[in-house]
Amino acid sequence: MTTLNHRIVLASRPQGGISPANFRLEAVEIAPPGPGEVLVRTRFLSLDPYMRMRMNDAKSYAAPQNLDEVMVGGTVGEVVASNHPNFAPGDAVAGGGGWQEFFTADARALRKVDRALPLEAYLGPAGGPGLTAWHGVYNIIEPKAGETILVSAAAGAVGSVVGQLAKAGGARAIGVAGGPDKCRHVVDDLGFDACVDYKSKSFAADLARAVPNGIDGIFENVGGTVMDTAMRHLNPFSRIALCGLVSGGYNADPMPIADATILLTQRVLLKGFILSDHLDIFPRARADLAARVASGQLKWHRTVAHGIANAPAAFIGMLGGANLGKQLVDLG
Ligand SMILES: NC(=O)c1ccc[n+]([C@@H]2O[C@H](COP(=O)([O-])OP(=O)(O)OC[C@H]3O[C@@H](n4cnc5c(N)ncnc54)[C@H](OP(=O)(O)O)[C@@H]3O)[C@@H](O)[C@H]2O)c1
């Protein structure tokens, strides 16, 4: 095969802010699949905030990304060649191909996906972001009809699903997002009851107006001021699903909570979680999410960059809020 594989490797670790210089584009020959392996051509690469954490050489729930190795990442694509009886050329598969156009993988690390949905849905509402929302909503917050559930980064891949699941169960869904356009999208397109712009000077007052009966559940994606402001409205016996802290930039600095007294006086359940600890939910949650996407009940939006060379800029943009919905890279 003469086609080259273009890929992005981690060239250096960010010192404070992330920059395009932390990445390097390479072109290498495509290796044929070994015994039990499958060669996949990636169609879509998922860009996710966790990748920023992996770029640090710091203790976390997963090992750091190695320097000079292909950036990790979830992908969907098509089988090109297979040395495993369960996969044939043309099969659509989800896997962890990373930031590159082609990859070989042990067949056990790949999952066939149904072309009934657009392939990229398996990186969005029917994939990791959807599963993350599903776990936090149903296994931690457990919203009851009539309760008020707030989610930050509400216009993003995870947050957009959280509010829709809460709303489908009869709760009031309140989003927090950056800017009036994102807030309009959250209410008009995704069907949330309200959305509050955290970039507005009147954020604290706007949030208070949006939750007249207090907050029974917070799905926290952001941390910092947004989380502290929302926590002031927590009702007794409320729940916080602590999913992410992206406002700190994931640059290894500590992320304090302003007032832990609220946790005590309101008898709040605060539970951090990492999706990969909850593989047991995947079969049921995947089936539920795929059915909701297929029926149109679960609305989703994607922001798509084109070509592997544009992945670093799209990633840095997503961390700064340039995305609406799921940030993807179309590798053609
Ligand atoms: N625990 C887990 O297993 C798990 C799994 C998946 C994802 N996550 C976490 O879930 C969160 C959302 O992930 P995602 O993939 O759905 O990303 P996303 O929401 O699609 O994109 C990230 C969003 O973060 C928001 N943001 C960035 N800087 C911010 C700041 N300083 N203050 C407030 N908001 C800020 C931006 O939205 P605005 O324009 O609205 O600011 C941006 O669009 C992240 O924290 C991620 O790490 C956790």
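Start at the ligand: select the 26 residues around it, then pick out Lys 182, Tyr 198, Tyr 250, Leu 275 and Asn 323, which come nearest. Keep in mind that this is a predicted model.

Next, color that shell by class. It holds 16 nonpolar residues, nine polar ones and one charged one.

Now show helix 3 (157-168) and helix 9 (311-319). Each of these helices supplies at least two residues of the shell around the ligand.

**Backbone contacts to the ligand**

Select Ala 157. A polar backbone atom of Ala 157 sits 2.9 Å from an oxygen atom of the ligand.

Move to Cys 243. Here a backbone N or O atom lies 2.9 Å from a nitrogen atom of the ligand.

Then go to Leu 319. A polar backbone atom of Leu 319 is 3.4 Å from a nitrogen atom of the ligand.

Turn on the ligand surface. On its own the ligand has 900 Å² of accessible area, and the protein covers 89% of that.

**On to helix 5**

Leave the ligand and select helix 5, residues 203-210. Which of its residues are buried? They are Phe 203, Leu 207 and Ala 210. Look down the axis of helix 5: the buried residues fall within an arc of 60 degrees, so they line one face of the helix. In general, an α-helix has 3.6 residues a turn, so residues three or four places apart point the same way.

Last, show what covers that buried set. The cover includes strand 8 (148-152), strand 9 (172-177) and strand 10 (194-197). Helix 6 (224-231) is also part of the cover over the buried residues of helix 5.

Terms used
Residues are numbered from 1 along each chain as its sequence is written. This is a predicted model: local features need pLDDT of at least 70, side-chain atom pairs count only at pLDDT 80 or more; totals for chains, interfaces and linings use all residues. Side-chain values use heavy atoms; hydrogens and water are left out. Buried means under 20% relative accessible area, exposed over 50%, partly exposed in between (1.4 Å probe, protein chains only). Helices (H or I, at least four residues) and strands (E, at least two) are DSSP runs, numbered from the N terminus. The arc is that of the directions from the helix axis to the C-beta atoms. Contact means heavy atoms within 4.5 Å. A residue is near a molecule or strand if one of its heavy atoms lies within 4 Å of it. A polar contact is a pair of N or O atoms within 3.5 Å; within protein, one must be able to donate a hydrogen and the other to accept it, and residues adjacent in sequence count only if both atoms are side-chain atoms. Accessible areas come from the Shrake-Rupley method with a 1.4 Å probe; for residues, only the protein chains shown count as cover. Ala, Val, Leu, Ile, Met, Phe, Trp, Tyr, Cys and Pro count as nonpolar, Asp, Glu, Lys and Arg as charged, and the others, Gly among them, as polar.
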